[in-house]
Amino acid sequence: VLVQLGTEERYRGRVYSVVMLTITGLIPLGGFTVGSLGSLIGVDRALMLGGGLLALLGVFVALRVDAVRGLRGTVREAAPV
């Protein structure tokens, strides 16, 4: 819902295609990677490593990417139906 509200109508299809790519493409890839790593170092350690890397990436993006820093309070109201 936030993606739809925060995106201009002419770009919604493009933005939603990136969301679908993430869900259908990157999540299974991450599962394969963590599963393979889990067989080498153990599932608990692989999940902790993956979560830690994801948290570091989130902090990096929040602090360094100007487009993300400028998003606070910019979600537009939905147009009346």
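The protein chain folds into 4 helices and 0 strands, so to speak an α-α-α-α run when you read the elements from the N terminus on. Keep in mind that this is a predicted model.

**How far to trust it**

Across the protein chain the mean pLDDT is 82, with 79% of the residues at 70 or more. Confidence isn't even along the chain, though. Helix α3, residues 43-64, has the highest mean pLDDT among the elements, at 91. At the other end of the ranking sits helix α4, residues 66-69, whose mean of 68 is the lowest.

**Helix α2 and what follows it**

Helix α2 takes in residues 12-41, which makes 30 residues. From its first C-alpha to its last, α2 reaches 41 Å, close to the 44 Å expected at 1.5 Å a residue. Helix α2 also has a kink of about 35°, and Thr22 is at its centre. Just after α2 you'll find Gly42, with a positive phi of about 105°. Helix α3 then picks up at residue 43.

**Where α2 and α3 meet a pocket**

What lines the largest pocket? The list is Gly30, Thr33, Val34, Leu37, Ala46, Leu49, Gly50, Leu53 and Leu54. Helices α2 and α3 each put at least two residues into that lining, and α3 gives the largest share, with 5 residues. The space in the largest pocket comes to about 290 Å³.

Two glycines are handy landmarks here. Gly35 has its place in helix α2, while Gly50 lies in helix α3 and is one of the residues lining the largest pocket. Each can be paired with a residue well along the sequence, as the table shows.

| Pair | Apart in sequence | C-alpha to C-alpha |
|---|---|---|
| Gly35 and Leu47 | 12 residues | 8.9 Å |
| Gly50 and Val34 | 16 residues | 7.1 Å |

Val34, the partner of Gly50 in the table, is also on the pocket's lining list.

**Buried or exposed?**

Of the 81 residues in the protein chain, 4% count as buried. Is Gly50 buried or partly exposed? Gly50 has a relative accessible area of 28%, so it counts as partly exposed; a buried residue would have to be under 20%. Gly35 is partly exposed too, because its relative accessibility is 44%, and the exposed class begins over 50%.

**The salt bridge**

How many salt bridges does the model have? The count comes to 1. The partners are Glu8 and Arg10, whose side chains meet at 3.0 Å, N to O. That fits the cut-off, because a salt bridge needs the nitrogen within 4 Å of the carboxyl oxygen. As for their surroundings, Arg10 counts as exposed, since its relative accessibility is 62%. Glu8, with a relative accessible area of 40%, is partly exposed.

How values were computed:
Residues are numbered from 1 along each chain as its sequence is written. This is a predicted model: local features need pLDDT of at least 70, side-chain atom pairs count only at pLDDT 80 or more; totals for chains, interfaces and linings use all residues. Side-chain values use heavy atoms; hydrogens and water are left out. pLDDT is the predictor's confidence in each residue, from 0 to 100. The expected span of a helix is 1.5 Å times one less than its number of residues. The bend at a residue is the angle between axes fitted to the seven residues ending there and the seven starting there. Buried means under 20% relative accessible area, exposed over 50%, partly exposed in between (1.4 Å probe, protein chains only). On a 1 Å grid over the protein atoms alone, a cavity is a set of points where a 1.4 Å probe fits but cannot get out, and a pocket is an open set with protein on both sides within 12 Å along at least five of seven lines; lining residues have an atom within 4 Å of a point. Grid points are joined across faces, edges and corners, and a volume is the space filled by probe spheres set on the points.
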